[in-house]
Each structure stands twice: as structure tokens, then as C-alpha cells.
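Here are some notes on the model you sent, set out as numbered points. They deal with one helix and two pockets.

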Amino acid sequence: MQTQTLGTPLILLLLVFFFGGTFLLSLSIGRSRENADSYMTAGNRVGFGISAASMTATWIWAASLYASATSGYTYGVSGPIHYGLWGALMILFIYPFGRRIRSIAPNAHTLAEILQARHGRSSQLILAGSNVLGSLLSLTSNFIAGGALISMLSPLSFSAGILMIGTGVLLYTLWSGVRASILTDFIQVCAMLGAVVIIVPAVFFAAGGPEIFVTGAVHLTPEQQSFFSSDAFFNQGAPYIAAVLAYAIGNQTIAQRLFAVREDKIKQTFITATVGYGTTVIGVGILGVLALYLGVEPLDGDTNNLIPQLATMYLGPLLLCVFFVMIIGSLASTADSDLAAMSSIVMTDIYGRNIAKNGEANPRLMLLIGRMTMIAATLIALYFASSKFNILELLVLVGAIWGALVFPVIASFYWERVTNRAFTVSVLAALMVFFPVRFGWIALEGGVALVTDIVSVIGVGVIAGLMIFGFLGRRAGIAAGFIASVGVLPFGIGFLHTYPILTASLLAYAVSMLLCVALSWRASERFDFAQISEKTGSFDEATPAT
């Protein structure tokens, strides 16, 4: 089938239109209101409409759209559901923890800053380091998505594509930090959602409509045709549940919006983002299912090319332009969030709370440090992007690494007994267990397989317990965790180790929980959470309302 492209001049025109428009929009944030706190948290007073759109746009990134399509292509009809549904529900499960975090640290800038007030420098730097790593990989995956799109729709190379995307995002984010990110998110999410409503049905009917599901069924295995595919659940759904729950703790982009939104609008913001994310990502993931039914082979064997490949095959020039803006908007909305997140971490956790003497940070120097961080992060991500990682694998890997942090971080916000030693030891031990299993450095056979299965069953209980705990409290959470572990035990033993990606994530949750609880249980000290709000707060003398 003949494919449609846009050509170099039109691609450049669309990029100038999109990034030029977002830059002009960011200029509306005047220099007269510029200070370090607003650069990082937008004054903690962003309203519901803007914050909900920003949360949605940040969670819906180009990598999510591409990964959802990859899931649909790999696992069939249930693939997009296992990707989009669990991701949407995790936004909802983050909400109660978000309320707790804002209540104990209303003027904080990063989660790591709160951990410094709670435990000290080592815990702070562990979380800050993981946040920077995660945001760098997230930024890299968005550049990969943009480069693949541009190289597919024009004669421009992949390298030229990632360079233009990186430069465009940096251009408008550098000016005003998270305020520019949040303000442009509103426009980007409106364009994104509108385009999805148009693009997916257009491809579906151009490709043949309902007849596709009849003639193309020969391309699917029985597992791929089932909405209840065990292969899809254990390889995609279950690892993603573990991964996206960790995003609540490991992803500073989400935390930054939590600190920016008005405290009385947190609930509405998270509910709206849940619905927006789920419908959009599942909808776009259907394109991967269509590609599977149509027997489409990914260009160069790279599943990252599936979405742009379908667009070039079945969309005309006008809709192809709409599609291009949709993808650019989705990747820009998260890439700018990653830049703002990393700048906040370096400004607050490296300079503001550690390097600055006696806590006397210079706000003007902080702004310079934040901007230099954005430039450095963009250059590093561009270098990484040239390797063309698989986006879906990258996302699950990052989330799984953060899984080692989930229980110790959440426990630190609720349980006064958790110590700095318990936090540090539990996280490092969980990572030491995670990496050998995740990358196959040890064989899951015999006694090793039995031990990993038993501990993984505990990990299932930890995840279930944390989900319930946020909404219903400690007793309900413990009960839910116990019931989940007992329910999984009969078939989990002798089975879970056959899915090493899932096993590695579950081990990280279980090991971090067991050690954190064991080391904290007999601790004599009791932490006063009122100290956190006293130790976190503004770097500027007065922060103007936004």
C-alpha cells in the first residue's frame, strides 16, 4: 500500500507553529513575577481546570501512546486495556497519598525534600537520584517517539527529528519552568483529546471498518483474540500494575503538579486525569490491535513505528497534519514536565538543601542552576535517544526500579517509627535483588525459583495492601494484603518465576517492605510529622500568587 508523507517544508512549518505558539504562550508569564518557588511549584495555587488538564497531559505522553499500541500489537485485543486501564486506576490510587503529602508538607518542592526533613540526606539523595534517572529515561523515550515520527513522515533523519523536538521543548520550558509546562499543557491536552476522537475512527474506517475483524482474524493467536488473555496479564498487565503504582512515588512530574494545584482541588484533579488518561490511551492502543488484524509488519522491525506507519497508510494530508500535532503535543507535554522536574530536584535537593550554607539559598542562583539543569538534561537525553530503546520495555523498567522505593516512602509519610537506616537499607537491598532477576543474571531454577515465588507472593500482598490502605486505612490495607497473598499462594508457587519481569518487580516490593518493617518495628524514636512543614518551604521571601 502506498504511504502518505508530509515532506520536509510542511513538517518544519508544523514544528514552528507548535513550538513557536507554546513559546509565545510561555512569554505571557512575565519576568516581574519570576522567582525560584514559582519556577518549581507555580505558587501552589493552580486551579482545577488547568491542573486537571496538566495532570492528564503529563500522564498521557507519546511513549504511553506508542507503548499502548505496542501492547495491542503484541498481546491482541486485551493489550491496550491492560496498559491503559491499570495506568488510569493508578492515578486514582495516588490521590489519597497525595492528600497526605500536601497535608504534612504544604509548601514543599519535591518528595526528596520531604524525605530530608523526615530522615536526612541519604534518603533524600536516594529518592532524588531515582527521580532524576526516571525523568531522564522518560525524556529519552519521548525524544525517541518524536524522532521516529518525523523520520517516518518526512525525508528528515531520526537524529534530526530528536534534535528538533529537544530544542523545541527546551525553548519554551527554559523560560518559566513548571508554570510554562502547566500553562501549555492545557492547550496540548485539548488538541490531543480532540485529535484522538478523529484519528482513531478515521484509520479504522479507512482500513476497512468492521470487516477487518473478520478477514484479519487469521493473524491472531487464540491468546491474542481473548479479552482474558493470561499471557497479556502476566507479561503486560501485572508488571504494569507494579510499575505505575511506583510512578506515584518515583515520578517528580506528578509530585510537582501535586504541589502546584490548590489543596482543595486535588480530588477533582486526580479523578479527571484518571478518566482522561484511560479513554485516550486505550483508544490509541486500538491502533496496535488494528495493525495486528491487518497483518502489518512494523517498519525495520521496530514497534515504535506502528502508529506513524498506520497514519501514513490510511490518513490523508489534512488528517496526517492533525495526527502529527497530536503526537508532538503528547510528547511535549511530558518532556517539558520532565525538564521542570529535574530542574526542581537539582535546585532544591542538590543546591537548596545541601550545598547552600545554613539553608541560605540564593533564589537567583537557583534559577540559573535550574535552567542549566534543563540544558544538560536535554543534551544527555538526546545522546541516549540515539540508541533507539524499546519504549514499552523502558517504561516498565523505570517503574520497576521505582518499585523498590514505594513502601519505604509511603511508610515514611504515615508511620513515625520508620528510621533513616530502615529506609536506606530496605531500598538498596530491594534493588540488589531486583537487577539480577530482571536481567537474568541468576537462573530461576530449583530452590532459587521456590524462594522467589514465595517472596513474590508477599509482593502481591504489598501492592494490594497499599492500594486499599490509601483509601480505607491501615487495618483494611493489612487485611487486603493478607487476602491477596493467600489467594495467589496456591498457583503462585511454581508459576510466578516463569515471568521474570513480573517476579523482579514483586521481589522489589516485598524485600523493601520486609526490611523496612523489620528494622523500624523495634525503633525507640517517634517522629513528629509537624517538623516537616517547618523544615520545608519557600526559598523566596514572598511567593506571589499564580
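1. Domain bounds, as used below, come from an automatic or database domain assignment. The model is a predicted one, and with that in mind the second largest pocket can be placed with respect to the domains: its lining takes at least three residues from domain 1 (13-26 + 36-81 + 93-236 + 251-390) and at least three from domain 2 (402-525).

2. The second largest pocket holds about 370 Å³ of space. It is lined by 18 residues, of which Phe233, Ala238, Ile241, Val460 and Ile463 are the closest to its centre. Two or more lining residues come from each of α5, α12 (230-250), α20, α21 and α22, and by class the lining consists of 18 nonpolar residues, with no polar and no charged ones.

3. The largest pocket has about 760 Å³ of space. Among its 21 lining residues, those closest to the centre are Phe407, Arg474, Ile478, Met513 and Val517. At least two residues of this lining are supplied by each of α18 (391-414), α20 (446-472), α21 (474-492) and α22 (500-521), and the classes are mixed, with 14 nonpolar, five polar and two charged residues.

4. Helix α5, one of the elements that give two or more residues to the lining of the second largest pocket, covers residues 79-104 and has 26 residues. From its first C-alpha to its last it reaches 39 Å, close to the 38 Å expected at 1.5 Å a residue, although α5 also has a kink of about 30°, centred on Pro96.

Key
Residues numbered from 1 in each chain as written. Predicted model: local features only at pLDDT ≥ 70, side-chain atom pairs only at ≥ 80, totals over all residues. Heavy atoms only, no water. Helix = DSSP H or I, 4+ residues; strand = E, 2+ residues; numbered from the N terminus. Expected span 1.5 Å × (residues − 1). Bend = angle between axes of the 7 residues up to and from the residue. 1 Å grid on protein atoms, 1.4 Å probe; cavity = no way out; pocket = protein on both sides within 12 Å on 5 of 7 lines; lining within 4 Å. Points joined across faces, edges and corners; volume = space filled by probe spheres on them. Nonpolar A, V, L, I, M, F, W, Y, C, P; charged D, E, K, R; others polar.
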